[in-house]
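Please work through the following exercises with the sequence and the model at hand. Each task is followed by a solution in steps.

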Amino acid sequence: MNEEKRRAKILDGARVAEEIKREVAAEAARLKAEHGYVPCLVAVRVGNDPASAVYVRNKVRACEALGLRSEHHELPEETTTDELLAEVATLNAREDVDGILVQLPLPRGVDEARVIEAIDPSKDVDGFHPVNVGRLTLGRTGFAPCTPAGIIELLTREGIPIGGRHACIVGRSHIVGRPLAQLLLQHDATVTICHSRTQELSSLTRQADILVAAVGRVGLIRAEHVKPGATVIDVGMNKLTDAAMAKDFFGDAAPARIEAISKRGFTLVGDVYPSEVAEVAGSLTPVPGGVGPLTVAMLMRNTVTAARRRRGLS
Ligand code: NDP
């Protein structure tokens, strides 16, 4: 049979993120007009990791663009756990600070768990504190981590049904896979979580109406992993440096990617093999421009929510 090739709809995460940011800016303006209050996010970065520096700069810029206050506290690579705990304690005590974000990963030798557990849960806009993790698991009000919360917003606003559908998540990290499973369950999906020890991955992923890849492996998810017509969400953010691979990977879009590799040394790719999966999936998020922008938008939203809750306004 000469079947016409299917082309997945590209889900424009960047557009949805802009929509959410407009709502956040309007909410911030209302808080200022009605209560004379401007929400404030403090981002703490320890050490010299260049990727972390870019992430924090983007978050601070987003705050400025939406009319929120922000501070960027840079601490040296040699910072000890106790010094970072003291910084967090100061921010917890500051009445004008609504959101505290400690950019991960922290340098080796700093006790990440202790630092996260020291953040006041009412200011934990990343949603990583065990109290917020527990609340999410119980379906109670807290802060959900930004990347999974952004994925739910994308599915909802794109009109992709979740209730009663089979969602399969590849990756079980505390930042993406596990909290996303909780959120999808709350939205009445049937959820399967896969990881590095999962046997026969494709037989599980192929059952999914919604397939989420949050692994950190270039092009792991191929056509054989995808049920025809499924929604595929690519969370992965990986650097591809091989121009020959980019040619296969991106099909028609390869020339721009190959140019990026020759200019910057890499192009950003996800966990999904886009040229193959686009021929099987019903819809697919691009990398970049899919899940990434939603993460920042949801951080802004959590910050305004924290400001409202801390003043009894929710
Ligand atoms: P982690 O490294 O914490 O977790 C990766 C998960 O993938 C683990 O659960 C691991 O299993 C699983 N895994 C590894 N190899 C395989 C395999 N071959 N088959 C099946 N499962 C596998 O990563 P994160 O969750 O922090 O991030 C995942 C990706 O998402 C990264 O590329 C990261 O950069 C990106 N990311 C993007 C964000 C965005 O805003 N767009 C935000 C956060 C992350 P096991 O548990 O058994 O080790």
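The exercises below concern one residue and the ligand site.

The model is predicted, so local features need pLDDT of at least 70 and side-chain atom pairs count only at pLDDT 80 or more, while totals for chains, interfaces and linings use all residues. Residues are numbered from 1 along each chain as its sequence is written, and side-chain values use heavy atoms, without hydrogens and water.

**Exercise 1.** Determine whether Thr79 is buried or exposed, and describe its surroundings.

*Solution.*
Step 1. Locate Thr79 in the loop between strand 3 (69-75) and helix 3 (81-93); helices (H or I, at least four residues) and strands (E, at least two) are DSSP runs numbered from the N terminus.
Step 2. The relative accessible area of Thr79 is 7%, so Thr79 is buried (under 20%; exposed is over 50%, partly exposed in between, with a 1.4 Å probe and protein chains only).
Step 3. Leaving aside residues up to four places away in sequence, Thr79 touches Val46, Leu84 and Val110 (heavy atoms within 4.5 Å).
Step 4. A polar atom of the Thr79 side chain lies 2.5 Å from the backbone oxygen of Pro76.

**Exercise 2.** Identify which residues are closest to the ligand, and which helix gives the most to the shell around it.

*Solution.*
Step 1. Of the 20 residues that surround the ligand, the closest are Arg172, Ser173, Ser196, Met237 and Thr295 (a heavy atom within 4 Å).
Step 2. Helix 12 (residues 291-310) gives the most to this shell, with 3 residues.
Step 3. An N or O atom in the Ser196 side chain is 2.5 Å from an oxygen atom of the ligand, and a backbone N or O atom of Met237 lies 3.0 Å from a ligand oxygen atom.

Methods
A polar contact is a pair of N or O atoms within 3.5 Å; within protein, one must be able to donate a hydrogen and the other to accept it, and residues adjacent in sequence count only if both atoms are side-chain atoms.
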